[in-house]
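Here are my notes on this one, jotted down as I went through the model. Have it open alongside while you read.

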Amino acid sequence: MYRIAAIGGDGIGPEILAEGRAVLDAASERFGFDIEWVECEIGAERYLKTGELLTEEDLSTLRECRAIYFGAIGDERVQPGVLEKGILLALRFHFDQYVNLRPIRLLEGVTTPLAGKTPADIDFVVVRENTEDFYVGIGSRFTGHHQKTSLDVMRELYTIRFGLDVESDADEIAYQIGVISREGSRRVIEYAFDLARRRRQKLTSVDKANVLSDVYGLWRDVFSSVAKGYPGVTTEFNYVDAVTMWFVKNPEWFDVVVTPNMFGDIITDLGAMIQGGLGLAPGGNINPVGTSMFEPIHGSAPKYKGMGVANPCATIWAGALLLDHLGEHDAAEAVIKGIESAITARAITRDMGGELSTHDCGSWIASHVKKANI
Ligand code: IPM
Ligand code: MG
C-alpha cells in the first residue's frame, strides 16, 4: 500500500490531477498494488480564505506520505511569487528534493517543431539542481542609501547566513544572490553521473562559468572532481546560451544534462517544446531518501480553468515517473505506453490537434492501462 498525497493546486491543476490519479488507480488495479490518496487543500483558494500557504499540519501530513502528486500552482488573484515561493519552492526546499528530473523524450506519434527529427533523436534527461543557485531567495530592493540586513539559507545540508551592509548613492537598487555549495552540487552531479551510467554514458554540464565565475566556477570544480569516479562516462561543459542552440540543432547529441537550478528552469521549457509542447512535459522533484514530488512542468493556466480543454498528458506522465520512483517499473512503462497509444489513436486534446476533453483523454489512457499487456 502506497500512501500518496494529492495536491491539485490552482487553475487547471485539480482537473489534470484528477485524470492522473485515475490513470494511477488503473495501473494499481492492473499491476496489483494499492494506492491510498491523501487529499491536501493547498493552494490559492485556501490562501485567499485563510492566509495560509503551507502549515505545520500540511508538512506533517505530507511527511507521512510516500510521495506527493502535484497539479499546478499560480492564480491571478495572488501577486506573482507568493504561491510559487510559499508553496512549490517551499515544498522542494523543505523536503530537500534536490534533483529535478525532467525527461525530454519525443514519444511515438508526436510532432516536434524540429524538422526531420524522430523519437530516436530526442531522448535525453535534464537533471536540474533544485535547492540552490538564484532560487535561494536571498535578495532585496531598496531606495535609501544604506541597508543592513541578515538573510539566511537554511537547509538540511547546511545553514548560510549573509550579514549584508549595503551602501549606495543610486536612486534605487535591487540585488539577488545565487548560492552554490560544494555538497549541494556534488550530490546532484553524482545523481546525474549514476543516471548517465545506466543510459548512454554521456553527461553534459551546463553553466555560465565564463561570466558568473564564482558560483559556476565552483560547480565546474565539483563536476570535474566527481567525474574522476566515473571513468566510463564521457563528459563535456556547455555554456547555457550554447546549449539552447544545440538542443534545437542537434538534440541527438545529448544523453544526460546536469544543470544549476535557474538554467535548468529555462532550458527545460525549451526541452518541453522540442518534445511536443508543455502539454507533454513531466518532472519529478526527487529526494532519493525522502519525500519526492511529481508534477507537470507547465503552470496552472488559469484562463483554461474548468473548461475541460487542458491536456492531462504531462501530469499523467509525471504519474509514470512517480510509479518508477516507487519501484513499479512495469506500471510506469504501461502508463507511458498508454499516453503513446492515445496519441497514435488521436485520443488527445485540442492543443495537440485532437478533439477530446481533459476527462475523456484521461479516461482513454486509464482504460488502456487497465488492459496493458506488459
Ligand atoms: C518550474 C516552474 C517553477 C520554477 C516556478 C513555478 C516557481 O517554472 O517548475 O519550472 O521556476 O521552478
Ligand atoms: Mg519553469
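1. Let me start with Phe-193, since a good part of these notes hangs on it. This is a predicted model, and in it Phe-193 has a relative accessibility of 0%, so the residue counts as buried. Phe-193 also pairs with Tyr-230 in a stacked arrangement, with 4.7 Å between ring centres and 20° between the planes. That pairing ties together distant parts of the chain: Phe-193 belongs to helix H5, while Tyr-230 sits in the loop between H6 and strand E11 (234-239), 37 residues apart. Tyr-230 is buried too, because its relative accessible area is 11% and the cut-off for buried is under 20%.

2. Now for the aromatics in general. How many aromatic pairs does a search of the whole structure find? The count comes to nine. In one of them, Phe-193 meets Phe-223 with ring centres 5.2 Å apart and planes at 40°, so this pair is tilted. Here again distant parts of the chain are linked, with Phe-193 in helix H5 and Phe-223 in helix H6 (residues 215-227), 30 residues apart. Phe-223 has a relative accessible area of 2% and is buried.

3. Put these together and you get a cluster: ring pairs join Phe-193, Phe-223, Tyr-230 and Phe-237. If you want one spot to inspect by eye, I'd pick this one.

4. Staying with helix H5, which covers residues 182-198, have a look at Ser-185. Is Ser-185 buried or exposed? It counts as buried, because its relative accessibility is 0%. Beyond its neighbours within four places in sequence, Ser-185 contacts Glu-132, Ile-180, Trp-219 and Val-222.

5. Asp-152 makes a useful contrast. You'll find Asp-152 in strand E7, residues 146-154. Its relative accessibility is 32%, so Asp-152 counts as partly exposed; for reference, that class lies between 20% and 50%. Leaving out residues up to four places away in sequence, Asp-152 touches Ile-138, Ile-160 and Arg-161. Asp-152 is also a handy marker for distance: its C-alpha atom is separated by 52 Å from that of Asn-373, 221 residues along the chain.

6. Zooming out to the overall fold, the protein chain has eleven helices and 14 strands. Its radius of gyration is 21 Å, close to the 21 Å from the globule rule for 374 residues, so the chain is as compact as a globular protein of that length. Along the principal axes, the C-alpha trace spans about 65 × 55 × 40 Å.

7. On packing, 56% of the 374 residues are buried. What share of the contacts between residues at least 6 apart in sequence join residues at least 24 apart? That share is 74%.

8. Last, the surface and the charges. The chain exposes about 16300 Å², and carbon and sulfur atoms supply 50% of that area. There are 37 positive and 53 negative side chains, and the centres of the two sets lie 3 Å apart.

How values were computed: Residues numbered from 1 in each chain as written. Chains lettered and ligands numbered in written order. Predicted model: local features only at pLDDT ≥ 70, side-chain atom pairs only at ≥ 80, totals over all residues. Heavy atoms only, no water. Helix = DSSP H or I, 4+ residues; strand = E, 2+ residues; numbered from the N terminus. Rg over C-alpha atoms; globule rule 2.2 N^0.38 Å. Buried < 20%, exposed > 50% of the residue type's maximum accessible area, 1.4 Å probe, protein only. Contact = heavy atoms within 4.5 Å. Areas by Shrake-Rupley, 256 points an atom, 1.4 Å probe, with all protein chains shown as cover. Lys, Arg positive; Asp, Glu negative; His and termini not counted. Charge placed at Lys NZ, Arg CZ, Asp CG, Glu CD. Phe/Tyr/Trp six-rings, centres within 6.5 Å; stacked < 30°, edge-to-face > 60°.
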